[in-house]
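Subject: A structure for you to look through

Dear colleague,

I am passing on the structure we spoke about, and below it you will find my notes on what turned up in it. Please read them slowly, with the structure open beside you.

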Amino acid sequence: KYLMEWGVPVFAMISGALFLAPDKQTSYGIIIKKYVKKIFFALLVFGLPMALSESVLTYRNEPFSFIFFNGLENWACGHSWAHMWYLYMLIGLYLITPIIKPFINIASNKEIEISLIVLFVMSSILPTLKNNDIHIELNTIHSFDRCSYYFHLSQHYF
C-alpha cells in the first residue's frame, strides 16, 4: 500500500508546475472546457453508476426515489466509491488554478515558502482537532495537503 502513495503528491506537483507556469493560459473558460469537462464526464460515466449501484445494494427495501436520490447525492458530494476521490480533487485543483496563479506569478520565494508553511500548519492542526472530537470532514483536511503539493513546484523553483 505505502509503495503507491507517492503517486498522488507527485502528480499534483507536476500538474501544478505545468498549470502554474507563467506562459500557460489558465482562464476559467479554458480550465472548464478543456479539463474539468473531461473529468466530470468520467465521474458521470463511472462514478454515478457506482454510487447508484451502491445505493441500490444498501437500501434494497426503500422506495426507488429514495435510492435514486441517495445515490445522486452521494455522487454529487464525492461520497461515491473510495477510488473516485482523486477525480474530485483534480476538479478542485483545476478550479483554484486561476485564483492562485496570479499570486504564484508575482510572489517571491519567501512568500511561497510562507504559504506552504501555512498550508502545512493547517494540514497539521485540522487532523488534531478532528482527533479531539471536533467534527471536520476528512476531505477538508486533505485539501490543504493537495494545495501545497499543487503549487510546491512553481516556476520559482525551476
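**What was found**

V10 has its place in helix α1. Please keep in mind while reading that the model is a predicted one. With a relative accessibility of 31%, V10 counts as partly exposed, because that value falls between the limits of 20% for buried and 50% for exposed. Although V10 and Y150 are 140 residues apart along the chain, their C-alpha atoms are separated by 8.9 Å. V10 also belongs to a nonpolar patch on the surface, which it forms with L3, M4, W6, I14 and L18, and these residues together have about 690 Å² of accessible area. Another member of that patch, M4, is found in the segment before α1, the helix that covers residues 7–19. M4 has a relative accessibility of 63% and therefore counts as exposed.

It may help to step back to the chain as a whole at this point. The chain has six helices and zero strands, and when it is read along the sequence its pattern is α-α-α-α-α-α. It has 158 residues, of which 33% count as buried. If you take the contacts with a separation of 6 or more, you will find that 76% of them are between residues 24 or more positions apart. The accessible surface of the chain comes to about 10200 Å², and 70% of this belongs to carbon and sulfur atoms.

Which residues does Y94 contact, once its neighbours within four places in sequence are left aside? They are S15, F19, I31, Y35, V36, I39 and Y150. Y94 itself lies in helix α4, which runs over residues 85–106, and it is buried, because its relative accessible area is 7%. One of those contacts, V36, is 58 residues away from Y94 in sequence, while the C-alpha atoms of the two are 7.2 Å apart in space.

Two residues that you may like to look at together are T26 and Y28. T26 lies in the loop between α1 and α2, and with a relative accessibility of 8% it counts as buried. Not counting residues up to four places away in sequence, T26 touches F19, I31, T97, P98 and K101. Y28 lies in helix α2 and is partly exposed, with a relative accessible area of 38%. With residues up to four places away again not counted, Y28 touches L95, P98 and I99, so that P98 appears among the contacts of T26 as well as those of Y28. Y28 and T97 are 69 residues apart in sequence, and from C-alpha to C-alpha they are 8.5 Å apart in space.

Helix α2 covers residues 28–58, and K34 is found in it. Is K34 buried, partly exposed or exposed? It counts as partly exposed, because its relative accessibility is 45%. On the surface, K34 gathers with K33, K37 and K38 in a patch of positive charge, which you can set beside the nonpolar patch that includes V10 and M4.

Two further residues remain, one in α3 and one in α5. N70 has its place in helix α3, which covers residues 64–76, and N70 is buried, because its relative accessible area is 13%. When residues up to four places away in sequence are not counted, N70 touches S55 and Y59. E111 lies in helix α5, made up of residues 109–131, and with a relative accessible area of 39% it is partly exposed. E111 touches F103 and I106, where residues up to four places away in sequence are again not counted.

With kind regards

How values were computed
Residues numbered from 1 in each chain as written. Predicted model: local features only at pLDDT ≥ 70, side-chain atom pairs only at ≥ 80, totals over all residues. Heavy atoms only, no water. Patch = residues over 30% accessible without salt bridge, like charges linked within 9 Å, V, L, I, M, F, W, Y side chains within 5 Å. Areas by Shrake-Rupley, 256 points an atom, 1.4 Å probe, with all protein chains shown as cover. Salt bridge = Lys/Arg side-chain N within 4 Å of Asp/Glu carboxyl O. Lys, Arg positive; Asp, Glu negative; His and termini not counted. Charge placed at Lys NZ, Arg CZ, Asp CG, Glu CD. Helix = DSSP H or I, 4+ residues; strand = E, 2+ residues; numbered from the N terminus. Buried < 20%, exposed > 50% of the residue type's maximum accessible area, 1.4 Å probe, protein only. Contact = heavy atoms within 4.5 Å.
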